[in-house]
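I opened this notebook to keep track of what I looked up, one entry at a time. The entries follow the order in which I went through the model.

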Amino acid sequence: MNNQNELFEDNDIKIAGVSDKKVLDDGEIAAMEFNEQKQNGNIEKAYTLGKRLSEIIFTTDDILAAHCCKKYAVNETIRSNAQVLFAFIVDTVLEHGCPNSITAQTALNYFHEQVREKSPESYNAIVESGAFSLYLLCSRDDKVSQSSCIGDAFADSCDMEEDKAVVKIGDDLYNTYFNICSTELKNVNFIK
């Protein structure tokens, strides 16, 4: 009788199309992708890029001074908003220029971490600013010139929307910051 029961057991039956392969969940896939980026050197490059961009944000006063008269260069509202604009461009360049979201997010997180450590006031101004949303809307609107729209948004965030000189400062800073961030990204030489 025992032999008969053994004949009818189905533990050795394979069903067509069913695999013994383990299906990876999203967390496991992300960990594998992160490890791949770490092994090829991209994670270290992302940290380097985030650190370098965080150093540049604290030279925005010099960049600002090159684009406007002293009256505006010493204006604390303009100075603070210039840093917010720079942070927006860092975010944009990393998102669109890094080889993948892992390296982009690593560089961006490290950028924010470094800014927070060096100047909590600057960090708070960046994360609490409504200008980020205005800049984002400009970057998504194909019907208008990005730098012109960003210049208007910059002036608006400074509460100086009627001042054409401040609009021009915003335009100029957008173009300058974009070139700086793009150059820094290119210099990192991420593995694609």
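Entry 1, salt bridges. I began with the rule: a salt bridge is a side-chain nitrogen of Lys or Arg within 4 Å of a carboxyl oxygen of Asp or Glu. By this rule I get six salt bridges. I note here that I am working on a predicted model.

Entry 2, the overall layout. Before going on with the pairs, I looked up the elements. The protein has 11 helices and zero strands. Read from the N terminus, the elements run α-α-α-α-α-α-α-α-α-α-α. I then asked how many of the 192 residues count as buried. The share is 38%. For the accessible surface of the protein I have about 11,700 Å², and 50% of this belongs to carbon and sulfur atoms. I also looked at contacts with a separation of 6 or more: 72% of these are between residues 24 or more positions apart.

Entry 3, R52 and E55. I picked R52 and looked for its partners. The side chains of R52 and E55 form a salt bridge, with N to O at 3.6 Å. Why can these two be neighbours in space? R52 and E55 are three residues apart in helix α3 (residues 42-57), so about one helical turn separates them. I checked the exposure of both ends. R52 has a relative accessible area of 35% and is therefore partly exposed. E55 is partly exposed as well, at 30%.

Entry 4, R52 and E184. Which other acid does R52 pair with in a salt bridge? The partner is E184, and the closest N and O atoms are 3.4 Å apart. This pair links distant parts of the chain, since R52 is in helix α3 and E184 in helix α11, 132 residues apart.

Entry 5, E184 itself. I stayed with E184, which has its place in helix α11. Is E184 buried or exposed? E184 has a relative accessible area of 16%. The cut-off for buried is under 20%, so E184 counts as buried. I then listed what E184 touches, leaving out residues up to four places away in sequence: L49, R52, L53 and I56. R52 is thus on this list and is also the salt-bridge partner of E184.

Entry 6, E76 and R79. I moved to another pair. E76 and R79 form a salt bridge, with 2.7 Å between the closest N and O atoms. Both residues lie in helix α6 (residues 76-97), three residues apart, which is about one turn of the helix. For R79 I noted a relative accessible area of 25%, so R79 is partly exposed. After this pair I looked for salt bridges that share partners: K51, R52, E55 and E184 are joined by them into one network.

Entry 7, H112. I looked up where H112 sits, and found H112 in helix α7 (residues 101-118). At 18% relative accessibility, H112 counts as buried. Which residues is H112 in contact with, leaving aside neighbours within four places in sequence? They are Y123 and I126.

Entry 8, the negative patch. On the surface I searched for groups of like charge. D152, D156, D159, E161 and E162 form a negative surface patch. I checked two of these residues one by one. E161 is in the loop between α10 (146-157) and α11 (164-188). With a relative accessible area of 36%, E161 is partly exposed. D159 lies in the loop between α10 and α11. At 66% relative accessibility, D159 counts as exposed.

Entry 9, positive phi. Most residues other than glycine have a negative phi. I therefore wrote down the exceptions I came across. D159 has a positive phi near 60 degrees and is not a glycine. N189 is also not a glycine, and its phi is positive at about 55 degrees. Where is N189 placed? N189 is in the segment after α11. N189 counts as exposed, at 53% relative accessibility.

Entry 10, looking back. I return to R52 to close. R52 has a salt bridge to E55 and another to E184. R52 and E55 share helix α3, whereas E184 is in helix α11. R52 and E55 are partly exposed, while E184 is buried.

Terms used: Residues are numbered from 1 along each chain as its sequence is written. This is a predicted model: local features need pLDDT of at least 70, side-chain atom pairs count only at pLDDT 80 or more; totals for chains, interfaces and linings use all residues. Side-chain values use heavy atoms; hydrogens and water are left out. Patches are made of residues with over 30% relative accessible area and no salt bridge: like charges are joined within 9 Å, nonpolar side chains (Val, Leu, Ile, Met, Phe, Trp, Tyr) within 5 Å. Accessible areas come from the Shrake-Rupley method with a 1.4 Å probe; for residues, only the protein chains shown count as cover. Lys and Arg count as positive and Asp and Glu as negative; His and the chain ends are not counted. The place of a charge is taken as NZ of Lys, CZ of Arg, CG of Asp or CD of Glu. Helices (H or I, at least four residues) and strands (E, at least two) are DSSP runs, numbered from the N terminus. Buried means under 20% relative accessible area, exposed over 50%, partly exposed in between (1.4 Å probe, protein chains only). Contact means heavy atoms within 4.5 Å.
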